[in-house]
Amino acid sequence: MEPFRAFSSAVVPLLADDVDTDQIIPARFLKTTDKAGLGDSLFADWRYDASGAPRPGFVLNQPGMAGRRILLAGANFGAGSSREHAPWALTAFGFRAVLATSFADIFRSNALKNGLLPVELGPAAHAQAAALAEAEPDAEVAVDLAAGTVTLPDGTQARFEVDPFSRAMLLEGTDELGYLLARADEIAAHEAAHPSRVDTTAPVTG
């Protein structure tokens, strides 16, 4: 996983509330366990018509949106199912952060484990970001995980919090398994210094 670095990008504004995971990635695309190609299916039912042609009015299909790394969403983003494919599809498309006033808890957890930063903004900062995105669609927003800040195009800075363990994993560019494997020597040393009190391999008696 790519380590999270501070970056700037114009935003993709998708300011609907309660965007659920079935809209982020419809259920028919969940057969795969591979993240490759899921970006093409992101918001598929909003993005394409019945013939598979792009809908011109949907924000991802509008000129200039390709390559943007920040999604500006509304409240309760990622509601619905626990499907991990939702952050997979967002990161496969190229998003690295989602700004919203609130997130569904399971989506937030899945996002943090898959290299996608959910940034919860207060109502005032979110409204300001939305207004600036409308007034200056190509202006860039800066996201700095290490500093815990989002800087809007007019220089306004908003702070956000991420739990320390998730923050460390994102900055290192690893997941929970990678975190443990990187500390294999320390774990082995601890196990050697703290032998088991119960022999779990002993035959059952009685």
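Leaving aside neighbours within four places in sequence, leucine 42 is in contact with Ile24, Arg47, Leu60, Ala89, Leu90, Phe93 and Phe95. Contact here means heavy atoms within 4.5 Å. This is a predicted model, in which local features need pLDDT of at least 70 and side-chain atom pairs count only at pLDDT 80 or more, while totals for chains, interfaces and linings use all residues. Residues are numbered from 1 along each chain as its sequence is written, and side-chain values use heavy atoms, with hydrogens and water left out.

Where does leucine 42 lie? Look for it in the loop between helix 1 and helix 2 (44-47). Helices (H or I, at least four residues) and strands (E, at least two) are DSSP runs, numbered from the N terminus. Leucine 42 has a relative accessible area of 0%, so it is buried. Buried means under 20% relative accessible area, exposed means over 50%, and partly exposed is in between (1.4 Å probe, protein chains only). Aspartate 22 is 20 residues away from leucine 42 in sequence, and their C-alpha atoms are 10.0 Å apart in space.

Now turn to a pair of helices. The axes of helix 3 (residues 85-93) and helix 4 (residues 105-113) come within 8 Å and cross at roughly 50°. These axes are lines fitted to C-alpha atoms, for helices over the stretch in contact, and angles run from 0 to 180 degrees between N-to-C directions. Helix 3 and helix 4 are therefore oblique to each other. For such labels, angles under 35 degrees count as roughly parallel, over 145 as roughly antiparallel, 65 to 115 as roughly perpendicular and the rest as oblique.

Which residues make the contact of helix 3 and helix 4? Helix 3 brings Ala86, Pro87 and Leu90, and helix 4 brings Phe107, Asn110 and Ala111. By class, this contact has 5 nonpolar residues, 1 polar and no charged ones. Ala, Val, Leu, Ile, Met, Phe, Trp, Tyr, Cys and Pro count as nonpolar, Asp, Glu, Lys and Arg as charged, and the others, Gly among them, as polar.

Stay with helix 4 for a moment. Its buried residues are Phe107, Asn110, Ala111 and Leu112. The cover over these buried residues includes helix 1, helix 3, strand 4 (117-120) and helix 6 (164-172). Leucine 112 can also be paired with glycine 178: the two are 66 residues apart along the chain, and their C-alpha atoms are separated by 14 Å. Glycine 178 has its place in helix 7 (residues 176-181). With a relative accessible area of 21%, glycine 178 is partly exposed.

Here are three residues with a positive phi.

| Residue | Phi | Place |
|---|---|---|
| Aspartate 18 | about 55° | loop between strand 1 (7-14) and helix 1 (21-24) |
| Asparagine 76 | near 55° | loop between strand 2 (70-73) and helix 3 |
| Glycine 115 | near 80° | follows helix 4 |

Aspartate 18 has its positive phi although it is not a glycine. Asparagine 76 is likewise a residue other than glycine, and at 27% relative accessibility it counts as partly exposed.

Finally, step back to the chain. It has 8 helices and 7 strands. Of its 206 residues, 39% count as buried. Its C-alpha atoms fill a box of roughly 75 × 45 × 25 Å, taken along the principal axes. Among contacts between residues at least 6 apart in sequence, 65% join residues at least 24 apart.
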